[in-house]
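Q: I've just opened this one and I'm a bit lost. Could you take one part and walk me through it slowly, then work outwards from there?

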Amino acid sequence: MQKIILLLALITFNLSSAQTKKKQILLIGTFHFANPGNDIAKTKTFNVMSEKSQKELETISDKIKKFGPDKIFVEWKFTKQAELDKFYNKNIDSLFKKDANEITQLALRTAKKLNHKKLYGIDYRNRFSYDSLMISMDKANQKDLKERTAELMKKFENDQNERISKSTLTELILYYNEKEADKDNLQWYFEVANRTGNSDDFTGASLVANWYKRNLYMYSLIQKLTESKDDKIMVLVGAGHAAMFRQFIVNDPTFELVELSTVLK
C-alpha cells in the first residue's frame, strides 16, 4: 500500500513539474544585416559577407545548434508564410553567397543545421506615421521635441556607425542584446513620441500604441505557434522588437528568457 501511495505521489509531482516547466526562449535582437534603409535612423552597412563574418556566423549557428531550439521564428510577414516556405527550400549554397539578410545568414543557416523543416514568420505590419508625428509637433509648437528627436537620432546614428566600424559581427550582435541597447531602442517612444501633440491630439500616443500593437501581435504569434512539445525556441528579430519582447516575456510565465551571451560563451 505504501508503495502505491509513493508511486501516486511521484506521478503527481512529475505531472505538476511538467505543467510548470517553462519553455526556453532564445531571443536575438539584431541590426538588419542587409540594411535596406527602411528605418528612420540611417546607419552604415556592416559587411556580413566578408570571410571573417561568415566564419563568425558558422560559429554562432553551431552554438545555437548546440542549444537546440525546436522552432525558429523570424521577422517575415506571417501572411506570407507560403513564400517563406518556398524561400527556405531554395538552393542554400547560392543564398548564403548572395543574400546578406539576417534571416538567411543566421536563421536559415541554423535551421538547416538542426534539420528543421521550416522557419516561422511572425511579422505584423500596421500604420506608423512619422510624418504625422512631425506635423502634430509643429501644430503644438513643440520645437523642443523636434530638437530632441534630431538630437537622439544623431546620437543613435553616430554611436551605431562608430560601433559598426570598430566591432566584429559577434560583438555587434551581443551589444544589440544588452540592456543599454534596449534603452536606446525604447527611449524616444516615451520621452518624445508619447508627449507629441496638443492636449486633444493623441497622434504621438497613437504612434506608440501602434508600435506596441505590432509587437504584441508578433508576440501573440510566437505564443500560438509554440506547441506543447516545443521545449526551446529561438526568435530572431530587429533589436527594437526584441526590446519590447523582453518586457512581454518577463510577465509571461510560459517562457524563460535565455540570453544570447550565455549560448555564445
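What follows is a close look at strand S2 and its surroundings. Is strand S2 mostly covered or mostly uncovered, and which strand does it pair with over four bridges?

A: Sure. One thing to keep in mind first: this is a predicted model. Find strand S2, which runs over residues 71-77. Strand S2 is mostly covered, with six of its seven residues buried.

Now look at the strands beside it. Strand S4 (residues 232-238) pairs with S2 in the parallel sense, and four bridges join the two. If you want one spot to zoom in on, take valine 74, whose bridge partner in S4 is leucine 236. Strand S3 (residues 120-123) runs parallel to S2 as well, joined to it by three bridges. Here you can pick out lysine 77, which has aspartate 123 as its bridge partner in S3.

Lysine 71, in strand S2, deserves a stop of its own. Lysine 71 is buried, at a relative accessible area of just 4%, and its side chain makes a salt bridge with glutamate 227, 2.6 Å from N to O. That's quite a reach along the chain: glutamate 227 sits in the loop between H10 and S4, 156 residues away from lysine 71. Glutamate 227 has a relative accessibility of 36%, so it counts as partly exposed. Glutamate 227 has a second salt bridge, with the side chain of lysine 229 at 4.0 Å, N to O. Lysine 229 is exposed, with a relative accessible area of 60%. Put those together and you can step from a buried lysine, through a partly exposed glutamate, to an exposed lysine.

Elsewhere, Glu58, Asp62, Arg109 and Lys113 are joined into one network by salt bridges that share partners. A search of the whole structure turns up 17 salt bridges.

Back at the strand, valine 74 shows up again, this time as a contact of leucine 119. Not counting neighbours within four places in sequence, leucine 119 touches a whole crowd, including Ile72, Val74, Leu84, Tyr88, Ile103 and Leu108. That fits with its place in the largest nonpolar core, a group of 41 residues where Leu26 and Leu119 have the most contacts. Helix H5, residues 102-113, is the top contributor to this core, with five residues. There's a second, separate core of 33 residues too, and Tyr120, Tyr124, Met134 and Ile222 are among them.

While you're around S4, have a look at lysine 232: its charged end sits over the ring of phenylalanine 67, 4.9 Å from the ring centre.

Moving further out, here's another salt bridge between side chains: aspartate 182 with arginine 246, 3.1 Å from N to O. Aspartate 182 is in helix H9 and arginine 246 is in helix H11 (residues 239-250), so this pair ties together parts 64 residues apart in sequence. Aspartate 182 counts as buried at 11% relative accessibility, and arginine 246 counts as buried at 9%.

Last stop, the rings. The structure holds 15 aromatic pairs. In one of them, tyrosine 130 and tryptophan 188 have ring centres 6.2 Å apart and planes at 40 degrees, so the pair is tilted. Tyrosine 130 belongs to helix H6 (residues 130-139) and tryptophan 188 to helix H9 (residues 179-191), so parts 58 residues apart get tied together. Tryptophan 188 is buried, at 12% relative accessible area. Another pair, tyrosine 189 with tryptophan 211, is stacked, with 5.4 Å between the centres and 0 degrees between the planes. That pair links helix H9, which holds tyrosine 189, to helix H10 (residues 203-225), which holds tryptophan 211, across 22 residues of sequence. Tyrosine 189 and tryptophan 211 are both buried.

There's one aromatic cluster to find as well, made up of Phe31, Phe33, Phe46, Tyr175 and Tyr176. Within reach of that cluster's tyrosine 175, look for arginine 163: it lies over the face of the ring, 3.6 Å from the centre.

Terms used:
Residues numbered from 1 in each chain as written. Predicted model: local features only at pLDDT ≥ 70, side-chain atom pairs only at ≥ 80, totals over all residues. Heavy atoms only, no water. Phe/Tyr/Trp six-rings, centres within 6.5 Å; stacked < 30°, edge-to-face > 60°. Buried < 20%, exposed > 50% of the residue type's maximum accessible area, 1.4 Å probe, protein only. Lys NZ or Arg CZ within 6 Å of the ring centre and 35° of its normal. Core = buried A, V, L, I, M, F, W, Y, C linked by side-chain atoms within 4.5 Å. Contact = heavy atoms within 4.5 Å. Pairing = 2+ DSSP bridges.
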